[in-house]
Amino acid sequence: MTGILSVVGTPIGNLEDASPRVRRTLGEANVILCEDTRVTARLLSAFDLHVPLVRCDENVIASRVATTLERVEAGERVAFVSDAGMPGVSDPGQRLVDAALDAGLPVEVVPGPSAVTCAVVASGLACEHFFFEGFLPRRHSAQVVRLGELAQVPGAIVCYESPRRVAATLASVAEVMPGRRVALVRELTKLHEEVVRDEATALAAQIAARDEVRGECVIVIAPPTADELEERRRAATGAGAATLEDAIRDGLAAGEPKSALAKRLAKAFSVPRAQVYDLVVAAAEKGAPGA
């Protein structure tokens, strides 16, 4: 008899969000693979469940795949959970699901809370379309380059961030997309759940002024206006820019980070990057629109 791999969504804060199906699936499992055995042990204790736990985080999941597939093939019910929310969303569990499906083994998804969708709704921002980024790069330079790429997405942008880095990340958002509306959503479904919204620059200043920020954070960036999106597309393609100076002006007007703008235009105009960067800085210091 073939078993099954159950990918189970668990509460992101409020334990009452665990459905009867979630509790039943965990209780019927022969083993539960989890991100942190201590976290999942507390969850099982709250539900009065007693199931063996096996650590299966991003550091060891590669070594767990083969044995997990063997257990499912042998008829066992294997449940997979992350510390909170839906496994496989900004989570290494996707590798396990992919391997099970390739092996022709049954996989079921037991839905549960997701910080992504909760934050999108809680933000109140226009999110008919949204792009989930997960975690942005940690280094500032890499972060602003990535945000410059994301700024051309014709929809809202959703990012995860730790409370220790959220102020710096919001400052980067303000640097790249100063006019966008942004929401910081933290402590979702918990007692001190909070949603703070403002234009990017004002929100970054507000959060930077706090002594500390607690709880896991989700940043939701509103979609670009049609005019901003067109400006960014023109800047990215060089459309309408007859000269390097025009292209620099258009890129700064669109809010493109200086380093990313210099790199792109150096390649487009076959000019040394350092030379282009000096021109970009000079144009910005003269008060180019959007600088």
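## A first look at the strands, helices and salt bridges

Ser6 stands opposite Ala79 in strand 4, a good place to start looking. Helices (H or I, at least four residues) and strands (E, at least two) are DSSP runs, numbered from the N terminus. This is a predicted model, in which local features need pLDDT of at least 70 and side-chain atom pairs count only at pLDDT 80 or more, while totals for chains, interfaces and linings use all residues. Residues are numbered from 1 along each chain as its sequence is written, and side-chain values use heavy atoms, leaving out hydrogens and water.

**Strand 4 and its partners**

- Four of the five residues of strand 4 (residues 77-81) are buried, making the strand mostly covered; buried means under 20% relative accessible area, exposed over 50%, and partly exposed in between (1.4 Å probe, protein chains only).
- Strand 1 (residues 4-8) runs parallel to strand 4, joined to it by four bridges; two strands pair if DSSP finds at least two bridges between them.
- Strand 2 (residues 31-34) is also parallel to strand 4, with four bridges joining the two.
- In that second pairing, Val31 stands opposite Val78 of strand 4.

**Ala99 in helix 4**

- Ala99 has its place in helix 4 (residues 93-102).
- Ala99 counts as buried because its relative accessibility is 17%.
- Leaving aside residues up to four places away in sequence, Ala99 touches Val65 and Leu69, where contact means heavy atoms within 4.5 Å.
- From Ala99 to Asp17 the distance is 29 Å, C-alpha to C-alpha, and the two are 82 residues apart in sequence.

**Helix 12, side by side**

- Helix 12 (residues 273-285) has 13 residues, so at 1.5 Å a residue it should span 18 Å, and its end C-alpha atoms agree at 18 Å apart; the expected span is 1.5 Å times one less than the number of residues.
- Val276, Val280 and Ala284 are the buried residues of helix 12.
- These buried residues lie on the same side of helix 12 because they cover an arc of only 75 degrees around the axis, the arc being that of the directions from the helix axis to the C-beta atoms.
- An α-helix has 3.6 residues a turn, so residues three or four places apart point the same way.
- The buried residues of helix 12 pack against helix 10 (244-253) and helix 11 (258-269).
- On the face turned away from the buried side, helix 12 carries the exposed residues Ala274, Asp278 and Glu285.
- Gly287, just after helix 12, takes a positive phi of about 90 degrees.

**Salt bridges**

- The whole structure holds 16 salt bridges, each a side-chain nitrogen of Lys or Arg within 4 Å of a carboxyl oxygen of Asp or Glu.
- One of them joins the side chains of Arg21 and Glu108 (3.4 Å, N to O).
- Arg21 lies in helix 1 (residues 20-28) and Glu108 in strand 5 (residues 107-110), so this pair ties together parts that are 87 residues apart in sequence.
- Arg21 is partly exposed, with a relative accessible area of 34%, while Glu108 is buried at 18%.
- Arg146 and Glu133 also meet through their side chains in a salt bridge (2.9 Å, N to O).
- That pair links Arg146 in helix 6 (residues 140-150) with Glu133 in strand 6 (residues 130-135), 13 residues apart.
- Arg146 is partly exposed, with a relative accessible area of 24%, and Glu133 is buried at 17%.
- Glu133, Arg146 and Glu149 form one network, joined by salt bridges that share partners.
- Arg264 forms a salt bridge with Glu256, their closest N and O atoms being 2.9 Å apart.
- Glu256 counts as buried because its relative accessibility is 18%.
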